[in-house]
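Subject: A structure for you to explore

Hi,

Here is the structure I promised to pass on to you. Have a look at it first, and then read my notes below with the model open beside them.

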Amino acid sequence: KSPSDELLKENRIKSPPENVLLIAPKKKLEPETKYFVEIKSGLQGKEGDLGTAKRKIFEFETFSKFEFKELDVKKPHNPFDALLIKFSNPVIYKELIKNISFDPEITIPEYYLEWNQDNSSLWLTLPLQPETNYTLGINSGLQDKFGNKLGKEIEKKFITAPYPPSI
């Protein structure tokens, strides 16, 4: 059976459905694992009597276990510079924003809640105050783009520097 146009679009596959072979695993794939897929010779196409001429093997690796890697900030951090938050797997910006907090509280720009972009390194430009001790909190329910939960609360402290001199 050919995959639906919707499924192809969702997975950013530009080939027409009749040119796509959809393979569904029997069980959930393990993270950080290399898998091999064998397509035996003779696999029948959608039409005709001829199958594939040769056996084909390809390999792929699954995503990493979802983990917080680091809050990459200078010590002390310039309040005008963005914060860099790193994870093992891509995270969608708006999902991060829904699952973070700061103490003292920071007003996070609302446009981040509209961003569907994902990356394993996320930059946040925030209205930080100078010479302030901050605590970044990340909720254990944060999910990577594959749906894996972080699974533990994260708390990281950082301090901002004085405003740089200007004329």
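Let me begin with one residue, Lys75. Is Lys75 buried or exposed? Its relative accessibility is 77%, so Lys75 counts as exposed, the cut-off for that being over 50%. You will find Lys75 in the loop that runs between β3 (68-72) and β4 (83-92). Try picking out Val91 as well: Lys75 and Val91 are 16 residues apart along the chain, and their C-alpha atoms are separated by 25 Å.

Please keep in mind that this is a predicted model.

**The whole chain**

Now zoom out. The chain has two helices and eight strands. If you walk along the sequence, they come in the pattern α-β-β-β-β-α-β-β-β-β. What are the spans of the C-alpha trace along its principal axes? They are about 75 × 30 × 25 Å. The radius of gyration of the chain is 23 Å, while a compact globule of 167 residues would have one near 15 Å. Of the 167 residues, 29% count as buried. Contacts across the sequence are worth a thought too: among those between residues at least 6 apart, 57% join residues at least 24 apart.

**Two sheets**

A bit of background before you look at the strands: the strands of a sheet pair through backbone hydrogen bonds, and the pairing can be parallel or antiparallel.

One open sheet is built from three strands in the order β3-β4-β6, with antiparallel pairing. Here β3 and β6 (118-124) stand at the edges with a single partner strand each, so one side of each has no neighbour in the sheet. From one strand to the next, the twist averages 20°. How many bridges join β4 to β6? There are six, and these two strands run antiparallel. To see one such pair, select Leu83, whose bridge partner in β6 is Leu124.

Another open sheet has three strands in the order β5-β7-β8, and its pairing is antiparallel. The edges are taken by β5 (100-103) and β8 (154-159); each has a single partner strand, so one side of each is left without a neighbour in the sheet. The average twist is 20° from one strand to the next. Four bridges pair β5 with β7 in the antiparallel sense.

**A closer look at Thr135**

Thr135 is a good residue for getting to know that sheet. Thr135 sits in strand β7 (residues 133-138), and Asp103 stands opposite Thr135. Why does Thr135 count as buried? Its relative accessibility is 16%, and buried means under 20%, so Thr135 falls in that class. Leaving aside residues up to four places away in sequence, Thr135 touches Ser101, Phe102, Asp103, Glu155, Lys156 and Lys157. With one of these residues, Lys157, the side chain of Thr135 makes a polar contact to the side chain at 3.3 Å.

**Salt bridges**

How many salt bridges are there by the rule used here? The count comes to nine. Here are some of them to find on your screen.

- Glu59 and Lys34: their side chains meet in a salt bridge, at 3.3 Å from N to O. Glu59 lies in strand β2 (residues 56-61) and Lys34 in strand β1 (residues 34-39), so the pair ties together parts that are 25 residues apart in sequence. Glu59 counts as partly exposed at 45% relative accessibility, and Lys34 is partly exposed at 43%.
- Glu67 and Lys65: the closest N and O atoms of this salt bridge are 4.0 Å apart. Glu67 is partly exposed at 32% relative accessibility, and Lys65 is partly exposed at 48%. Lys65, Glu67 and Lys69 are linked in a network of salt bridges.
- Lys98 and Glu95: in this salt bridge the closest N and O atoms are 3.5 Å apart. Both residues lie in helix α2 (residues 93-98), three residues apart, which is about one turn of the helix. Lys98 is exposed, with a relative accessible area of 52%, whereas Glu95 counts as partly exposed at 27%.

Have fun exploring, and write to me if you get stuck!

Best wishes

Key:
Residues numbered from 1 in each chain as written. Predicted model: local features only at pLDDT ≥ 70, side-chain atom pairs only at ≥ 80, totals over all residues. Heavy atoms only, no water. Buried < 20%, exposed > 50% of the residue type's maximum accessible area, 1.4 Å probe, protein only. Polar contact = N/O pair within 3.5 Å; in protein donor to acceptor, adjacent residues only side chain to side chain. Contact = heavy atoms within 4.5 Å. Pairing = 2+ DSSP bridges. Axes fitted to C-alpha atoms, helices over the stretch in contact; angles between N-to-C directions. Rg over C-alpha atoms; globule rule 2.2 N^0.38 Å.
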